[in-house]
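The exercises below ask you to work from a model towards its aromatic pairs, its helix contacts and its internal space. Try each task before reading the solution that follows it.

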Amino acid sequence: MNYQEAREEYKAIGVDTEKAISTLEKLPISIHCWQADDVTGFEKGAGKLTGGIQATGNYPGKARNAEELMADFKKACSLIPGKKRLNLHASYLITDRKCDRNTIEERDFSAWVSFAKENGLGLDFNPTFFSHPMVKDNLTLSSPDDDVRSFWIEHAKACRRISAYFAKELDTYSVCNLWIPDGYKDTPADRLSPRLRLKDSLDKIYDGKLNGVIDCLESKVFGIGLESFTVGSSEFYMGYAASHKDIYLLLDAGHYHPMEYISDKISALLCTFDKIPLHVTRPVRWDSDHVVRLDDEIKEIAKEIVRNDAIEKVLIGLDYFDASINRIAAWVIGTRNMQKALLIALLEPSEKMRRLQDESDFTALFAISEGIKDLPWQAVWNEFLTRQGLDAGLGWYNEVMDYEKNILSKRND
């Protein structure tokens with residue numbers, strides 16, 4: 001079916017496909033830098049991942065330095081439609097000077113600002129609380145060791161300043177997201193004291209609002225080496241964010257119990273918060289950060305964003321790292337699937353469906369909910385790609401394979 005035919009089908013149920021395409025074109029997706037190199041980063045002596053982080057697989061051609069990562073990201077972006085942002089971790093600094101994480105500065109990330117300006121990107125940021133000798137017994141901001149806590153407090157403060165630098169230079173917001181691995185492998189004797197220490201650390205970190213920075217906290221149900229207790233749980237961070245102005249709870253799709261879905265949490269948080277930072281990933285049995293598929297949960301996440309008029313409130317980012325497949329393909333597939341889910345949601349007659357619910361006409365609501373699944377959203381997606389100068393189908397894959405043959409295959413560890 002061609003686009004004009006699809007447009008008429010959607011028009012018959014009160015949906016404007018032109019409006020859907022226009023909205024999708026302007027909706028930014030924050031793409032994570034760490035897919036390109038398996039979360040290695042650019043710090044001198046960077047090696048094995050520690051602190052609850054693990055990337056599995058050994059597909060050849062991972063980026064070994066900033067130049068290669070930037071080239072790979074640009075290649076991926078050339079195959080991804082729509083508006084894009086870049087999400088950085090602090091361990092991806094580009095500098096010749098000697099510094100540790102507690103002394104990083106804006107100048108260590110100036111090359112990223114130049115890259116963002118050249119490519120029309122916004123920059124988001126994450127302190128890096130893993131793969132470092134100052135992660136003691138899987139503890140950072142909740143550690144009973146004053147020196148450990150102080151080190152990581154200074155790191156987080158530095159990251160907030162760098163995020164403000166991004167916002168000022170690029171004239172757009174910068175999400176500064178804090179996740180820590182803190183927890184215990186076995187049942188702790190004291191759950192309260194670590195959380196009180198974390199609260200005190202956060203009070204020191206968030207001492208004053210910084211222009212352009214969207215501060216947020218990312219919870220987790222458990223992780224490698226902390227299977228029995230996580231200090232920064234959802235309840236802890238939700239309570240902290242709700243009681244502190246301008247601090248938000250970030251929802252990560254893989255950081256909850258296996259049968260707990262964040263699609264349901266979006267409307268709950270919209271009752272309290274004016275923004276919801278979001279990390280979209282695909283958990284498999286646990287937070288394994290698989291590449292995003294166009295599955296039921298990602299569709300539900302997108303529907304909640306669109307149905308609740310929250311496109312400007314929910315700040316969408318991706319978070320996965322798969323080292324078992326071509327890393328550029330992983331970027332393209334995951335980002336496109338997020339965009340496809342959003343388009344499907346934009347092509348729903350949302351207002352009519354809400355009205356039917358309020359009128360208790362559940363038969364009509366059920367019929368429409370199922371009937372729209374048969375409508376030709378793919379034809380609208382192909383039109384969106386065409387207007388972005390991209391081919392429909394799997395033509396992008398051939399480009400990635402050519403890039404692998406000519407560029408990635410020549411990289412040696």
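**Exercise 1: aromatic pairs**

In this predicted model, the count of aromatic pairs comes to 16 when ring centres must lie within 6.5 Å. Take the pair formed by Phe42 and Tyr92, classify its geometry, and state which parts of the chain it ties together.

Solution. A pair of aromatic rings is described by the distance of the centres and the angle of the planes. For Phe42 and Tyr92 the centres are 5.1 Å apart and the planes stand at 75 degrees, and the pair is edge-to-face, since planes over 60 degrees apart count as such. Next, place the two residues: Phe42 belongs to the loop between β1 (29-32) and α3 (66-77), while Tyr92 belongs to the loop between β2 and α4 (110-119), so the pair ties together parts that are 50 residues apart in sequence.

**Exercise 2: two helix contacts**

Describe how α4 packs with α5, and then how α6 packs with α7, giving geometry, handedness and the residues in contact.

Solution. Begin with α4 and helix α5 (residues 146-170), whose axes come within 11 Å and cross at roughly 35 degrees, in a right-handed crossing. From α4 the contact draws on Ser110, Val113, Ala116 and Lys117, and from α5 on Tyr165, Phe166, Glu169 and Leu170. Sorted by class, these are five nonpolar, one polar and two charged residues.

Turn then to helix α6 (residues 192-205) and helix α7 (residues 234-242), which pack at about 35 degrees with axes 12 Å apart; this crossing is right-handed. Here Arg195, Leu198, Lys199, Leu202 and Asp203 of α6 meet Phe236, Tyr237 and Tyr240 of α7. The classes are five nonpolar, no polar and three charged.

**Exercise 3: the largest cavity**

How many cavities of 30 Å³ or more does the structure hold, and what lines the largest cavity?

Solution. The structure holds four such cavities, and the largest contains about 120 Å³ of space. Its lining comprises 16 residues, with Ser30, Asp124, Val175, Leu315 and Gly317 nearest the centre. At least two lining residues come from each of β2 (84-89), β3 (122-126), β4 (174-178), β9 (276-280) and β12 (314-318). By class, the lining divides into eight nonpolar, six polar and two charged residues.

Note on methods
Residues numbered from 1 in each chain as written. Predicted model: local features only at pLDDT ≥ 70, side-chain atom pairs only at ≥ 80, totals over all residues. Heavy atoms only, no water. 1 Å grid on protein atoms, 1.4 Å probe; cavity = no way out; pocket = protein on both sides within 12 Å on 5 of 7 lines; lining within 4 Å. Points joined across faces, edges and corners; volume = space filled by probe spheres on them. Helix = DSSP H or I, 4+ residues; strand = E, 2+ residues; numbered from the N terminus. Nonpolar A, V, L, I, M, F, W, Y, C, P; charged D, E, K, R; others polar. Axes fitted to C-alpha atoms, helices over the stretch in contact; angles between N-to-C directions. Left-handed = near helix turned anticlockwise from the far one by under 90°. Contact = heavy atoms within 4.5 Å. Phe/Tyr/Trp six-rings, centres within 6.5 Å; stacked < 30°, edge-to-face > 60°.
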